[in-house]
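Open the model in your viewer and keep the sequence panel beside it. The stops below give a selection to make and then say what is there.

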Amino acid sequence: DVSYPRTHEVPHRVGFWLAGRGKVHGGVLSWGFGAGWTGLGKVEGHDERSDLFVTAKSTMLSVAPMAWFDLGPVFRLGVGPAVHVVDVDTNVEGYPGASPPEEMTNRRWRLGVLAEAAVRFPADKPYYFLLLGQYRWMQEATVEVPSPEGALAVPVPLSHGFVGVGVGFRF
């Protein structure tokens, strides 16, 4: 049985998000494009059957065309399909013949959905401050980890929430 307590180390749990959008005929609907990089964290675990110690660090690049609906001068909701490129770097130690830690990179492409809610203020200036919440849904990945008995398949859940603060400009 492999158990992985998730650790939330600051250098591994940071990210950024950039987006541009334009109004549709000056109304409450807008369209645009968003992209960003996110560190999903670092996990560590021990497989008692094969006495393996495994460390995995996950990062993700997300790209999403989006549609937004303005619910007032400062609040908006958005949704769109997304493509996520997920890299899971694993480091395996602890079994005979594992030479210095064996490192593997598992890259996965996942389709998903990105939902967003944002508050931006002030409403009447060319600049604004932004508080952003997103939920990024996608299928989990399976990471292959080497062991003396062959590769172990470890499921990695990838759906997650993202909260960000930032500055924006109106053109």
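**Stop 1: Leu40 and strand S4**

Select Leu40, which is found in strand S4. This is a predicted model, and every value in the tour is computed from it. Is Leu40 buried or exposed? Its relative accessibility is 4%, so Leu40 counts as buried. Now add Gly15 to the selection and draw a line between the two C-alpha atoms. Leu40 and Gly15 are 25 residues apart in sequence, and the C-alpha to C-alpha distance is 8.6 Å.

Stay in the strand and select Gly45, whose place is also in S4. Gly45 has 13% relative accessibility and therefore counts as buried; the cut-off for that word is under 20%. Add Ala56 next. Gly45 and Ala56 are separated by eleven residues in sequence and by 8.8 Å in space, C-alpha to C-alpha.

**Stop 2: Ser30 and what surrounds it**

Move to Ser30, which lies in strand S4, residues 29-47. With a relative accessible area of 3%, Ser30 is buried. Which residues is Ser30 in contact with, leaving aside its neighbours within four places in sequence? Select Arg21, Gly22, Lys23 and Val24, then Met66, Ala67 and Trp68; these are the contacts of Ser30 once those neighbours are set aside.

Show side chains for Ser30 and Arg21. A polar contact of 2.5 Å joins the two side chains. Keep Arg21 on display and bring up the ring of Trp68. Arg21 lies over the face of Trp68, at 5.7 Å from the ring centre. Arg21 thus takes part in a polar contact with Ser30 and also sits over the Trp68 ring.

A second arrangement of this kind can be found elsewhere. Select Arg136 and Phe162: Arg136 lies over the face of Phe162, 4.3 Å from the ring centre.

**Stop 3: Asp87**

Select Asp87, found in strand S6, residues 75-93. Is Asp87 buried or exposed? Asp87 is buried, its relative accessible area being 15%. What does the side chain of Asp87 make a polar contact with? Add Arg107: the two side chains make a polar contact at 2.7 Å.

**Stop 4: the aromatic cluster and the cis bond**

Select Phe121, Tyr127 and Phe129, which form one aromatic cluster. How many aromatic pairs does a search of the whole structure find? It finds two. In the pair of Phe121 and Phe129, the ring centres are 6.4 Å apart and the planes stand at 40°, so the pair is tilted. In the pair of Tyr127 and Phe129, the centres are 6.3 Å apart and the planes stand at 80°, which means the pair is edge-to-face.

Switch on a surface for these three residues. Phe121 is partly exposed, with a relative accessible area of 43%. Phe129 is partly exposed at 41%, and Tyr127 is partly exposed at 35%.

Before leaving Phe121, select Pro122 as well. What kind of peptide bond joins Phe121 and Pro122? The bond is cis, with omega at about 0°. In general, most peptide bonds are trans. Pro122 lies in the loop between strand S7, residues 102-121, and S8.

**Stop 5: the whole chain**

Clear the selection and switch to a cartoon view. The protein has zero helices and eleven strands. Buried residues make up 37% of its 171 residues. Taking contacts between residues at least 6 apart in sequence, 60% join residues at least 24 apart. The accessible surface comes to about 9700 Å², and 65% of it belongs to carbon and sulfur atoms.

Finally, colour by pLDDT. The protein averages 82, and 81% of the residues score at least 70. Where is confidence lowest, and where is it highest? Select strand S1, residues 2-3, for the lowest, at a mean of 49, and strand S8, residues 127-138, for the highest, at 95.

Definitions and conventions:
Residues numbered from 1 in each chain as written. Heavy atoms only, no water. Helix = DSSP H or I, 4+ residues; strand = E, 2+ residues; numbered from the N terminus. Buried < 20%, exposed > 50% of the residue type's maximum accessible area, 1.4 Å probe, protein only. Polar contact = N/O pair within 3.5 Å; in protein donor to acceptor, adjacent residues only side chain to side chain. Contact = heavy atoms within 4.5 Å. Areas by Shrake-Rupley, 256 points an atom, 1.4 Å probe, with all protein chains shown as cover. Phe/Tyr/Trp six-rings, centres within 6.5 Å; stacked < 30°, edge-to-face > 60°. Lys NZ or Arg CZ within 6 Å of the ring centre and 35° of its normal. pLDDT = per-residue confidence, 0-100.
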